[in-house]
Amino acid sequence: MARFRNKKKTPFVRPIARKQPTVDHVTGKKLSKSFVFSRGKLPGVLRQLQMDLRKVMLPYTALKLKEKKRNNLKDFLNVAGPMGITHFLILSKTATAPYLRVANTPQGPTLTFKIQDYSLAVDVARSQVRPRSPKDLFQNPPLIVLSGFGTGEEHLKLTTITFQNIFPAIDIEKVKLASCQRIVLLNYNKDTKLIDFRHYSIRLQPIGVSRRIRKFVQNHEVPDLKNLQDVSDFLTKAGYGSESEVDDEAATVSIPTDIGRVNRASNKSAIKLQEIGPRMTLHLIKIEEGLCAGPVIFSEFGSGVSNTDQKTEEEQLEEEDDDGEGEEGDEEEEDEEE
């Protein structure tokens with residue numbers, strides 16, 4: 001009679017979830033976290049822009065946040081408290097243009113921007129010969145750089161504080177250079193009153209090392225030498241010399257510690273920024289004191305027009321909320337009938 005060998009069952013071990021910190025170690029305040037969602041119906045292109053903005057806000061945002069038609073602003077606000085959410089980024093679309101609202105929870109203020117122009121991350125990648133997207137690119141929050149906001153105007157000061165608080169602060173003395181891989185640039189043009197939003201990846205490149213050597217050290221792949229007469233040809237072949245690819249001396253830095261396998265503290269490295277998207281051109285329309293409501297602190301069109309704009313936006317939100325409540329009521333009636 002045949003014997004059946006008892007196979008040893010390996011016990012299932014649940015992976016330990018990595019808990020995110022709740023307190024900023026630099027400021028000692030609550031860590032900045034965000035929700036990126038929409039109000040009303042959005043076309044497919046703006047839905048993709050919403051996903052791109054969520055990637056920008058990583059890792060302290062809900063990348064897979066699910067929205068329903070019956071959800072109103074109070075629903076997101078009720079969830080934001082227990083989850084430690086500090087900011088809302090709300091996309092909406094009217095008949096004239098798309099809008100982006102940046103709100104500080106739970107009591108405001110709220111900055112409303114008109115999106116004059118935008119490009120998706122996919123479009124930016126298609127325009128590049130070698131798009132760059134490492135696996136660990138979104139594991140750490142980006143650095144924030146603000147340019148042109150020092151005009152002394154009150155609404156620009158509030159805009160600066162809002163954008164600075166969206167991302168966690170960094171300690172220059174304790175920060176690890178390897179964790180600084182992205183940068184968000186906001187440039188204000190005082191002549192056009194437009195804000196250029198750009199999202200870049202940071203890359204260090206050693207000076208005096210050819211591209212072939214860098215790839216060999218980074219990837220640990222055996223090079224193809226079958227068409228070469230000697231190993232030295234691999235280093236001195238035309239087009240792949242050891243001369244630096246960076247001509248601007250201002251872009252070269254000396255790093256205090258080794259980063260990766262190529263960038264050494266003993267050698268100088270060049271800082272290169274490569275755009276990863278999305279790209280937006282924003283126009284600050286108004287600033288409200290509360291969370292998407294309340295008195296208008298600043299308005300681009302004056303007091304009279306701002307009040308009418310505020311009323312129309314409140315009416316749109318009320319209509320969306322009424323539609324959500326109506327859908328909930330219809331569902332409850334269907335359940336009772338069943």
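Trainee: What is the relative accessible area of Lys157?

Mentor: The model is predicted, and every value discussed here is computed from it. Because the partly exposed class lies between 20% and 50%, Lys157 belongs to that class. Its relative accessible area is 41%.

Trainee: With which residue does Lys157 form a salt bridge?

Mentor: Lys157 and its partner both lie in helix 4, three residues apart, which is about one turn of the helix. An α-helix has 3.6 residues a turn, so residues three or four places apart point the same way. The closest N and O atoms of the pair are 3.9 Å apart. The partner counts as exposed, at 59% relative accessibility, and is Glu154.

Trainee: Within what arc do the buried residues of helix 4 fall?

Mentor: The buried residues of helix 4 include His155, Leu156, Thr159 and Phe163. Seen down the helix axis, the buried residues line one face of the helix, because they fall within an arc of 165°.

Trainee: Which residues does His155 touch, not counting residues up to four places away in sequence?

Mentor: His155 is found in helix 4 and is buried, with a relative accessible area of 13%. Its C-alpha atom is separated by 8.1 Å from that of Ile297, although the two residues are 142 residues apart along the chain. Beyond its sequence neighbours, His155 touches Leu284, Ile287 and Phe298.

Trainee: Which residue in strand 11 stands opposite Ile287?

Mentor: Strand 10 and strand 11 (residues 296–299) run antiparallel and are joined by three bridges. The residue in strand 11 that stands opposite Ile287 is Phe298.

Trainee: How many of the 10 residues of strand 10 are buried?

Mentor: Strand 4 pairs with strand 10 in the antiparallel sense over nine bridges, and three bridges join strand 7 to strand 10, also antiparallel. Strand 10 is largely enclosed by the rest of the structure, because the number of its 10 residues that are buried is nine.

Trainee: With which residue does Glu288 form a salt bridge?

Mentor: Glu288 in strand 10 stands opposite Thr110 and is buried, with a relative accessible area of 2%. The partner in the salt bridge also counts as buried, at 2% relative accessibility. The closest N and O atoms are 3.7 Å apart, and the partner is Lys286.

Trainee: Which residues are joined into one network by salt bridges that share partners?

Mentor: The side chains of Arg47 and Glu67 meet in a salt bridge of 4.0 Å, N to O. Arg47 lies in helix 1 and Glu67 in the loop between helix 1 and helix 2, so the pair ties together parts that are 20 residues apart in sequence. The network formed through shared partners consists of Arg47, Arg54 and Glu67.

Trainee: Which residues touch the most other members of the largest nonpolar core?

Mentor: This core has 30 residues, and the elements that each supply at least two of them include helix 4, strand 4, strand 7 and strand 10. Leu282, for example, touches Leu100, Phe113, Ile115 and Ile195, among other residues. The residues that touch the most other members are Met57, Leu100, Phe113, Ile115, Ile195, Met280 and Leu282.

Trainee: What distance separates the C-alpha atoms of Leu77 and Leu291?

Mentor: Leu77 has its place in helix 2 (residues 73–83) and is partly exposed, with a relative accessible area of 29%. Beyond four places in sequence, its contacts are Phe88, Thr105, Pro106 and Leu291. Leu77 and Leu291 are 214 residues apart along the chain, yet their C-alpha atoms are separated by 9.7 Å.

Notes
Residues are numbered from 1 along each chain as its sequence is written. This is a predicted model: local features need pLDDT of at least 70, side-chain atom pairs count only at pLDDT 80 or more; totals for chains, interfaces and linings use all residues. Side-chain values use heavy atoms; hydrogens and water are left out. A nonpolar core is a set of buried Ala, Val, Leu, Ile, Met, Phe, Trp, Tyr and Cys residues joined through side-chain atoms within 4.5 Å. Buried means under 20% relative accessible area, exposed over 50%, partly exposed in between (1.4 Å probe, protein chains only). Helices (H or I, at least four residues) and strands (E, at least two) are DSSP runs, numbered from the N terminus. Contact means heavy atoms within 4.5 Å. The arc is that of the directions from the helix axis to the C-beta atoms. Two strands pair if DSSP finds at least two bridges between them.
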